[in-house]
Structures are given as C-alpha cells and as structure tokens.
Amino acid sequence: MADRMTALEAHRAGKMPLPPGYELEHGADVLLLRRGDGSVAATFSARGVTPAQVTKTAEEDHRRNRRRTA
C-alpha cells in the first residue's frame, strides 16, 4: 500500500515508520531525514524516493549511530 505512494505521501499518511527520534522534513522538492539531534542523516528528491528507500536509510543510519555511542 505505502509502496505506491511517494515517501512524502506515506509520511503524511503515517504509513512510513522511522526509528525513534528520526523525522522527515519537506522543503522545495527535497526531503531531509533528520536525526533526533536535528542533524541531517540524508537528503532525497521528494519526487523520486520511495518509502522503502527512506525507511531503509533511516534504519541503517540508526544502527550505525547506536554503535558509535555504545
């Protein structure tokens, strides 16, 4: 269901789970994936990215950052 939506549509519909503290910010055809501290984890084209791509990137970043702080 969310796979047929853009990442922005899925996020707005609450159908794109992100790790704790991660948020998606939209501006000028760009999506910013932000960590809990406000830093940017990744940027995406708002038109071409799928929900699965954003979720995978967020999960990978979350795992990397947990290892650094553990």
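The following exercises, with worked solutions, concern the salt bridges, the nonpolar core and the strand pairing of a predicted model.

**Exercise 1.** Determine which residues are linked with Asp-61 in a network of salt bridges, and where they lie.

*Solution.*
Step 1. The structure holds five salt bridges, and one of them joins the side chains of Asp-61 and Arg-35, with an N to O distance of 2.8 Å.
Step 2. Asp-61 belongs to helix α2 (residues 51-69), while Arg-35 sits in the loop between β2 (30-34) and β3 (40-45); the pair therefore ties together parts that are 26 residues apart in sequence.
Step 3. Arg-64 also forms a salt bridge with Asp-61, the closest N and O atoms being 3.5 Å apart. Both of these residues lie in helix α2, three residues apart, or about one turn of the helix.
Step 4. Arg-35, Asp-61 and Arg-64 are thus linked in a network of salt bridges.

**Exercise 2.** Classify the three residues of this network as buried, partly exposed or exposed.

*Solution.*
Step 1. The limits required are under 20% relative accessible area for buried and over 50% for exposed, with partly exposed in between.
Step 2. Asp-61 has 3% relative accessibility and therefore counts as buried.
Step 3. Arg-35, at 22%, counts as partly exposed, and Arg-64, at 39%, counts as partly exposed.

**Exercise 3.** Describe the further surroundings of Asp-61.

*Solution.*
Step 1. A polar contact of 2.9 Å joins the side chains of Asp-61 and Asn-65.
Step 2. When neighbours within four places in sequence are left aside, Asp-61 is in contact with Tyr-22, Arg-35 and Ala-41.
Step 3. Arg-35 appears in this list of contacts and is also the salt-bridge partner at 2.8 Å.

**Exercise 4.** Analyse the salt bridge between Glu-60 and Lys-56.

*Solution.*
Step 1. The closest N and O atoms of Glu-60 and Lys-56 are 4.0 Å apart; the criterion for a salt bridge is a separation within 4 Å.
Step 2. The two residues are four places apart in helix α2, so about one helical turn separates them.
Step 3. Glu-60 counts as partly exposed at 29% relative accessibility, whereas Lys-56 counts as exposed at 51%.

**Exercise 5.** Identify the elements that supply the largest nonpolar core, and characterise the contacts of Phe-44.

*Solution.*
Step 1. The largest nonpolar core has 15 residues, and those with the most contacts inside it are Leu-18, Leu-24, Leu-31, Leu-33, Phe-44 and Val-54.
Step 2. At least two residues of this core come from each of α1 (7-12), β2, β3 and α2. The greatest contribution is that of α1, with three residues.
Step 3. Apart from residues up to four places away in sequence, Phe-44 touches Asp-29, Val-30, Leu-31, Leu-33, Val-49, Val-54 and Thr-57. Among them, Leu-31, Leu-33 and Val-54 are also listed with the most contacts inside the core.

**Exercise 6.** Establish how β2 pairs with β1 and with β3.

*Solution.*
Step 1. Strand β1 (residues 23-27) and β2 pair in the antiparallel sense over five bridges. In this pairing His-26 stands opposite Leu-31 in β2.
Step 2. β1 and β2 form a hairpin with two residues between them, and Ala-28 in the turn has a positive phi of about 45 degrees.
Step 3. β2 and β3 pair in the antiparallel sense over five bridges. The bridge partner of Leu-32 in β3 is Thr-43.
Step 4. The hairpin of β2 and β3 has five residues between the strands, and Gly-38 takes a positive phi near 95 degrees.

Conventions. Residues are numbered from 1 along each chain as its sequence is written. This is a predicted model: local features need pLDDT of at least 70, side-chain atom pairs count only at pLDDT 80 or more; totals for chains, interfaces and linings use all residues. Side-chain values use heavy atoms; hydrogens and water are left out. Buried means under 20% relative accessible area, exposed over 50%, partly exposed in between (1.4 Å probe, protein chains only). A polar contact is a pair of N or O atoms within 3.5 Å; within protein, one must be able to donate a hydrogen and the other to accept it, and residues adjacent in sequence count only if both atoms are side-chain atoms. Contact means heavy atoms within 4.5 Å. A nonpolar core is a set of buried Ala, Val, Leu, Ile, Met, Phe, Trp, Tyr and Cys residues joined through side-chain atoms within 4.5 Å. Two strands pair if DSSP finds at least two bridges between them.
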